[in-house]
Amino acid sequence: MNGAESLVRTLVGGGVNVCFTNPGTSEMHFVAALDKVDGMRCVLGLFEGIVTGAADGYGRMTDTPAATLLHLGPGLGNGLANLHNAKKAASPIVNIVGEHASFHIKYDAPLTADIEGIARPVSHWVKTSPSAKTVAADGAAAIAAASAAPGQIATLILPADTAWNEADGVAAVPAIPARAKVDEARIRAAADILKSGKPTLILMTGHVLKEKGLALAGAIAARTGAKLLTQLSNKRLERGAGRVPVLRVPYVVDQAVDTLKGFQNILLVGAKPPVSFFGYPDKPSEQQAPGTVITRLAELEEDAIDALSRLADLVGAKEKDAPFQEARRPPVPTGAITLDSLAASLGAHLPEGAIVVDESVTTGRGFFPLTAGAPPHDWLNNMGGSIGFGTPVGTGAAIACPTRKVICLVGDGSAMYTIQSLWTQARENLDVTTIIFANGTYQILKGELAQVGAGNPGRKAMDMLEIGRPDLNFVEMARGMGVPGRRVDTIDEFNKALQSAMKESGPKLIEVMMR
Ligand SMILES: Cc1ncc(C[n+]2csc(CCOP(=O)(O)OP(=O)(O)O)c2C)c(N)n1
Ligand SMILES: [Mg+2]
């Protein structure tokens, strides 16, 4: 077998069963090998941001890496923004990036680039495989690197001749270490804080946000009077009826500061100390009150669920006493489209097992309370702040979980970065409902303009924050990519569109007119 086949067989043998691709000449042997080897689902994306974002969504939902296949430096470069987001979310991904045949690199042909240099900032692990004989072992090492807790980006660069030359065979993936346990001293320190009676916040993100971790955190909070919050953005939050409900730290700095002001202690479980998205004149970067003591219970890569379980024992908390959310849907709203009526409609219609990918930007900031009692579902946020995240991540989540309904909540501005996701959803017949909030602007940036104190915007400045003239038509765009769409002007129409989208399988788009 050649190097490409040895790599594909190694990937499949190592549990990598999906490859999101956008190939070129240098990847042709890899493409041919994908065809030859059973067990790899290949999914084409029409822009590399779809490919890398889909791998992020897949990794978040399965906790195992998908592979991507990208075309040299420029292909990888096109995928960078969503790799950045995936890295911030600690999603496991194995990138395979084609490179010129090793004898051809010195000629500086048009596509020659510093691939390692492009890969390094968005990868935890980077390697150019030197020969066909090493490709399989390097592929196995890439899987191991990607799978290491809490999830990493591994980028393997594959010169074309390493793909077509004769290989030695398949390699086995080295053992993947379990999450490290938190040492006893930190558990005791956390117990002392919680028993002190001082107002304490448990701030969480990462794998602790699965049902079990939340139940333990809820029990500890119920027992000790501590409050629970998650970071503003999370990789995957399990929420809904029967789970412990938890809100997020708000985006707007003043609101975040206000939310955090009463706490003398913040106990971090996977989370970082709370910092603002941006620095603003006269606003703090650190959001906790001056004097609040921040203590780390568990790092993102550590076993936070085990740590909380031991902490619960120390403070005498019982899981059954956690404040589990009761099943409760808001009444189906009527009348105008408002932020609250949209939240209520989602709360009324979210099906059990839904995967909500949230890139709703300003529209969805208040969606949590009214959706909290919906049937159990997962909520995924963008942790890297680079927009164009939602529809690709939804695409990958749907491939990962074919029996679940994916709901992508997307601002109109954000949707335009990676709208080609719809084509992949149609081709693969994925069960994704994309909801576009068509307000005709980069609404958030109007708020930012005021926050940074840039003064009153004139016409030229406003033109950079608004996306009308011409007005976008998402239903037409969706139709052009094989996805049926519908425009709604009232909340009653939205209710109907959402209800029918939840009943039928397959990709759909709802354009919510907010302008
Ligand atoms: C890659 C990238 N480019 C630009 C931005 C800056 N940015 C942040 S939000 C935003 C617009 C979001 O607009 P939309 O999705 O319509 O949401 P809205 O603010 O209208 O709710 C832009 C351009 C970014 N975060 N990432
Ligand atoms: Mg908008």
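This short talk walks through a few local features of the structure above, beginning with a glutamate and ending with some unusual backbone spots.

Before I start, please keep in mind that this is a predicted model, in which local features need pLDDT of at least 70 and side-chain atom pairs count only at pLDDT 80 or more, while totals for chains, interfaces and linings use all residues. Residues are numbered from 1 along each chain as its sequence is written, and side-chain values use heavy atoms, with hydrogens and water left out.

Let me begin with Glu-359, which lies in strand S12, residues 355-359; strands here are DSSP runs of E with at least two residues, helices are runs of H or I with at least four, and both are numbered from the N terminus. What is the nearest side chain of opposite charge to Glu-359? It is Arg-60, 9.9 Å away, and Glu-359 is buried yet has no salt bridge. Buried means under 20% relative accessible area, exposed means over 50%, and partly exposed is in between, with a 1.4 Å probe and protein chains only. A salt bridge would need a side-chain nitrogen of Lys or Arg within 4 Å of a carboxyl oxygen of Asp or Glu, and for charge Lys and Arg count as positive and Asp and Glu as negative, with His and the chain ends not counted.

What the side chain of Glu-359 does have is backbone nitrogens beside its polar atoms: that of Phe-389 lies 3.0 Å from one, and that of Gly-390 lies 2.8 Å from one. Leaving aside neighbours within four places in sequence, Glu-359 is in contact (heavy atoms within 4.5 Å) with residues including Asn-382, Ser-386, Leu-409 and Ser-414.

Gly-390 itself belongs to helix H15, residues 390-400, and it counts as buried because its relative accessibility is 0%. Not counting residues up to four places away in sequence, Gly-390 touches Val-357, Glu-359 and Cys-408, and its C-alpha atom is separated by 7.3 Å from that of Leu-409, 19 residues apart along the chain.

Turning to His-377, we find this residue in strand S13, residues 377-381, and with 0% relative accessibility it too counts as buried. A polar atom of the His-377 side chain lies 2.8 Å from the backbone oxygen of Pro-375, and among the residues in contact with His-377, leaving aside neighbours within four places in sequence, are Leu-237, Glu-238, Arg-243 and Thr-371.

Finally, I would like to look at the backbone itself. Where are the cis peptide bonds that I want to show you? One runs from Ala-149 to Pro-150, with omega near 5°, and Pro-150 lies in the loop between H7 and strand S6 (153-159). Another joins Arg-469 and Pro-470, with omega about 0°, and Pro-470 is found in the loop between helix H19 (459-463) and helix H20 (474-480).

Arg-469 deserves a second mention, since it has a positive phi of about 60° although it is not a glycine, and with a relative accessible area of 65% it is exposed. Asn-429, also not a glycine, has a positive phi of about 50°; its place is in the loop between helix H17 (421-427) and strand S15 (432-438), and Asn-429 is exposed, with a relative accessible area of 54%.

Definitions and conventions
Chains lettered and ligands numbered in written order. Polar contact = N/O pair within 3.5 Å; in protein donor to acceptor, adjacent residues only side chain to side chain.
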